[in-house]
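Here is a walk through some helix packing, the nonpolar cores and a few loop residues worth a look. Keep the viewer open as you read.

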Amino acid sequence: MTARFFQLPEPACGMSDFKLDVVLGQDFPEPGFRPEKGKTISGAEKINAAVYKIFSVNFAGRRAKSDGFFRGNGADSDSLGLPNGGDGKREHGSGKKYGPLISGTAYCISSCGMILLNKIALSTYNFNAGISLMFYQNLISCLVVAVLSLSGVVSVEKLNWKLVRVWIPVNVIFVGMLVSGMYSLKHINIAMVTILKNVTNIITAIGELYIFRKHQNQKVWTAMFLMIISAISGGITDLSFDSMGYTWQIMNCILTACYSLTLRKVMDTAKQLTRSGSLNEISMVLLNNLLSLPFGIILILLFDEWEYIITTDVIKLPMFWVVATASGLLGLAISFTSLWFLHQTGPTTYSLVGSLNKIPLSFAGLLLFKVPLSLPNLFSILFGLFAGIFFARAKMS
C-alpha cells in the first residue's frame with residue numbers, strides 16, 4: 001500500500017478502504033457546522049470536529065506553494081479550499097463546476113488502480129515478498145513527498161524526536177495493517193477482500209463504544225449485522241477459499257480498527273508537538289511511510305525475504321517493476337485525490353462515492369483474475385456491497 005490517508009490505508013487493498021472507513025466511522029459535521037443556540041457540544045462531537053479538521057487542511061496560508069501542484073492535477077488551489085456548506089454549491093466558473101466530477105473520477109481511478117495493480121504484482125507475478133513490496137512502495141512515497149517539499153510544491157511539518165516517539169505505536173500498527181493487507185490480497189480475490197473489510201467497521205464501532213462512549217443508531221447496527229451475514233455467507237460459498245488468506249484478512253480488520261482508534265487517541269498530542277500546532281495530510285504521509293522503513297527492514301530480515309528477493313526471477317522482469325512502481329505512485333495519489341475530492345464535495349458525498357466505488361472494483365477483480373464463482377457466492381458479494389452502501393447511508397442519517 002503505499003502512501004495512505006491518515007496513514008490512513010489503505011493495506012494492499014485498503015488504503016482507499018481505510019480512508020473511507022475513517023470517514024464512515026465518524027459523524028463528521030458538514031463544513032459550516034454550528035451548534036444550535038443554547039445547545040452544548042458533547043465530548044463526542046468535539047472529537048469528531050477535531051478529526052474532521054484533519055480532512056479540512058487549510059491551504060489558504062500555503063496557496064503560493066500549493067498552486068503549482070494542484071494546477072498540475074487540473075484544478076487551482078481555490079477550487080481545493082475548504083468546502084462551503086458541505087455538498088452545497090461552489091463558486092461560479094468552469095473549474096468549480098467540473099471540480100467534483102474530475103476529483104471524484106481521479107479518486108476512484110487511483111483507489112481502484114492501486115488495488116488492482118497490487119493484486120497483479122502479488123498474484124499474477126506470484127511475488128511472495130509482500131513486506132518487500134510494501135517497503136518499496138513506502139520508499140517511493142517518501143522520495144516523492146521529499147522532492148515535492150524541497151521544490152516548494154507542498155508544505156511538510158518538520159519532524160522531531162518527541163513527535164516520532166508519540167507516533168511509533170501508531171506506526172507499528174500501521175505496518176502490521178499494510179503487511180496483513182498485502183498477504184490477504186495475495187490469497188483472496190478482490191471481491192471477497194472488499195466484503196470482509198466491512199468487518200473493520202464493526203470492530204471500530206465496538207471500540208468506539210467502549211473507548212469513546214460513542215453510541216450508534218439502530219440503522220448502523222442493522223447495517224453491520226448485514227455485513228456479518230454477508231462475510232460469513234461469502235466465506236462459506238467461496239470456491240477459492242484459502243484459510244491462510246482469511247486469517248490474514250481477519251488480522252487486517254483488527255489492525256485497521258486498532259489503527260483508527262489509536263490514531264484518534266494520539267492525534268491531539270501529536271499536533272501539540274508540531275511547530276504549527278497541526279499535522280496535515282502530507283506530513284502524515286511522510287511520517288508514517290518514513291517510520292515504516294526501519295520496521296520493514298527488520299521484518300524483511302526476520303522473515304528471510306531478502307533470500308527470496310535475491311534468488312527470484314520475477315524481479316528481473318521490467319513489467320513487474322512498472323506494476324509495482326505504478327501501484328506505489330497511485331497509493332500516494334490517493335492521499336491527494338481523496339483530499340481534493342473531499343474539499344470539492346464534503347464527507348457525505350465522499351462516503352457514498354467510496355462505498356459505490358467498491359462495486360466496479362469487485363466486478364473488475366472477478367473478471368480480470370477469472371475468479372471461480374458460484375451463484376450463492378455472487379449473491380453474498382452483492383449482498384455485502386449492498387450492506388456497505390446501507391451502512392454509509394445509515395451513518396449519514
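## Before we start

What follows describes a predicted model. Two-helix packing comes up right away, and it is described by the angle between the axes and the distance between them.

## α6 against α10

Start with helix α6, residues 161-187, and helix α10, residues 243-272. Their axes come within 8 Å and cross at roughly 160 degrees. Angles over 145 degrees count as roughly antiparallel, so that is how α6 runs relative to α10. The crossing of the two is left-handed.

What sort of residues make up the contact of α6 with α10, by class? There are 18 nonpolar and 11 polar ones, and no charged residues.

## α8 against α10

Helix α10 also packs with helix α8 (residues 199-211), and here the angle is about 40 degrees, with the axes 8 Å apart. This crossing is right-handed, whereas the one between α6 and α10 is left-handed.

On the α8 side, the contact is made by Val199, Thr200, Ile203, Thr204, Gly207, Glu208 and Ile211. From α10 come Cys253, Ile254, Thr256, Ala257, Ser260, Leu261, Arg264 and Lys265. Sorted by class, the residues of this contact are 7 nonpolar, 5 polar and 3 charged. Charged residues do turn up here, then, while the contact of α6 with α10 has none.

## The nonpolar cores

Which residues have the most contacts inside the largest nonpolar core? They are Leu133, Met134, Trp167, Tyr259, Leu279 and Ile381, in a core of 54 residues. Helix α6 gives the most to this core, with 13 residues.

Ile381 is a handy one to zoom in on. Setting aside residues up to four places away in sequence, Ile381 touches Ala191, Met192, Ile195, Leu366 and Leu373. There is also a second, separate core, this one with 12 residues, including Cys142, Val153, Leu286 and Leu332.

## Two buried valines in loops

Is Val314, in the loop between α12 (305-311) and α13 (318-344), buried or exposed? Val314 has a relative accessibility of 7%, and buried means under 20%, so it counts as buried. Leaving out its neighbours within four places in sequence, Val314 is in contact with Tyr125, Phe127, Tyr308 and Phe320. The chain also brings Val314 and Asn126 together in space: 188 residues separate them along the chain, yet their C-alpha atoms are 8.1 Å apart.

Val154 makes a similar story, this time in the loop between α5 (130-150) and α6. With a relative accessible area of 9%, Val154 is buried. Its C-alpha atom is 7.6 Å from that of Ile282, although the two are 128 residues apart in sequence.

## Positive phi without glycine

Two loop residues have a positive phi and are not glycines. Arg213, in the loop between α8 and α9 (218-237), has a phi of about 55 degrees. At 57% relative accessibility, Arg213 counts as exposed.

The other is Asp304, whose phi is near 60 degrees. Look for Asp304 in the loop between α11 (281-302) and α12. How accessible is Asp304? Its relative accessibility is 41%, so Asp304 counts as partly exposed.

How values were computed
Residues numbered from 1 in each chain as written. Predicted model: local features only at pLDDT ≥ 70, side-chain atom pairs only at ≥ 80, totals over all residues. Heavy atoms only, no water. Axes fitted to C-alpha atoms, helices over the stretch in contact; angles between N-to-C directions. Helix = DSSP H or I, 4+ residues; strand = E, 2+ residues; numbered from the N terminus. Parallel < 35°, antiparallel > 145°, perpendicular 65-115°, else oblique. Left-handed = near helix turned anticlockwise from the far one by under 90°. Nonpolar A, V, L, I, M, F, W, Y, C, P; charged D, E, K, R; others polar. Buried < 20%, exposed > 50% of the residue type's maximum accessible area, 1.4 Å probe, protein only. Contact = heavy atoms within 4.5 Å. Core = buried A, V, L, I, M, F, W, Y, C linked by side-chain atoms within 4.5 Å.
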